[in-house]
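Let's take a walk through this model, one region at a time. Have the sequence and the 3D view side by side as you read.

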Amino acid sequence: MYRVYGFHPSRTTRVLWALEEVGASYEISRVPPGSQEARAFNPSGKVPVLEVLEDGFRLIDSSAICCFLADRHPEAKLTFPAGTHERGEMDSWLHFAMSDLEVPVWNQSRHTFIYSDELKVPDILKVCAMEWDWAVEAMDARLGEGPYLMGGRFTIPDIVMGHICKWATTIGLEVKRPRVVAYFERIQARPALARAYARGKAEASR
């Protein structure tokens with residue numbers, strides 16, 4: 001049993017999605033990013049935070065939490081054993097998602113609705129769009145023929161990629177590569193994602 005401290009919509013969605021994929025029981029505590037409660041868990045004030053209720057262990061950072069859940073629930077087959085070629089390739093995709101795809105999305109978010117006007121950098125949105133297009137182009141070149149990043153097996157980087165794309169399109173960044181569009185459509189059709197959004201939205205509206 002787990003408790004997720006976070007807020008919808010945010011990177012918390014990734015953790016809810018992973019929990020739904022592994023079939024674990026969980027509850028949600030509504031904690032907005034930047035709040036005093038969030039900073040008690042994480043000095044940066046970011047959410048989500050995952051708590052393992054049976055022993056009180058807490059973990060921050062959405063991608064780390066997703067990997068942790070995959071390792072704790074090997075029956076869900078969301079990861080590969082450490083040290084295997086497959087695990088190395090999977091981790092490479094995950095780091096690409098976080099360093100190449102998410103960076104322009106996060107920067108555009110900060111300079112549109114997070115930062116105050118005096119902190120916004122002129123023309124930064126043009127740079128974000130350019131960097132996003134570069135990352136999507138690189139992703140397109142790396143994609144294989146399988147339905148998922150790791151071929152026929154859905155894994156943790158698919159969750160992170162799927163969330164980043166949803167976030168990107170919400171703030172106006174366009175996916176221009178047809179193969180990448182088709183990939184994201186497959187990922188976002190996962191029933192577990194629909195359940196995660198429903199749980200997150202229900203908690204946020206309480």
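What follows covers a hairpin, the cysteines and two pockets.

Keep in mind that this is a predicted model. Start with the hairpin: strand S3, residues 49–52, runs antiparallel to strand S4, residues 57–60, and four bridges join the pair. One of the pairings puts Glu51 opposite Arg58, its bridge partner in S4. Four residues sit between the two strands, and Gly56 in this hairpin takes a positive phi near 80°.

Now for the cysteines. How many disulfides are there? The count is zero. A disulfide needs two cysteine sulfur atoms within 2.5 Å, and for Cys66 the closest cysteine sulfur, in Cys67, is 7.0 Å away, so that is too far for a bond. Cys128 is in no disulfide either, with its nearest cysteine sulfur, that of Cys165, 16 Å off. Cys66 counts as buried because its relative accessibility is 0%, and Cys128 counts as buried because its value is 1%.

On to the pockets. The largest one has a volume of about 570 Å³. It is lined by 23 residues, and those closest to its centre are Pro9, Ser10, Arg11, Trp106 and Trp167. Helix H4 (85–114) and helix H6 (156–170) are the elements that give two or more residues to this lining. By class, the lining splits into 10 nonpolar, nine polar and four charged residues.

The second largest pocket holds about 160 Å³ of space. Arg11 turns up in its lining too, along with residues including Asn42, Lys46, Asp61, Met98 and Glu102. Here the lining has three nonpolar, three polar and four charged residues.

Conventions: Residues are numbered from 1 along each chain as its sequence is written. This is a predicted model: local features need pLDDT of at least 70, side-chain atom pairs count only at pLDDT 80 or more; totals for chains, interfaces and linings use all residues. Side-chain values use heavy atoms; hydrogens and water are left out. Two strands pair if DSSP finds at least two bridges between them. Buried means under 20% relative accessible area, exposed over 50%, partly exposed in between (1.4 Å probe, protein chains only). On a 1 Å grid over the protein atoms alone, a cavity is a set of points where a 1.4 Å probe fits but cannot get out, and a pocket is an open set with protein on both sides within 12 Å along at least five of seven lines; lining residues have an atom within 4 Å of a point. Grid points are joined across faces, edges and corners, and a volume is the space filled by probe spheres set on the points. Ala, Val, Leu, Ile, Met, Phe, Trp, Tyr, Cys and Pro count as nonpolar, Asp, Glu, Lys and Arg as charged, and the others, Gly among them, as polar.
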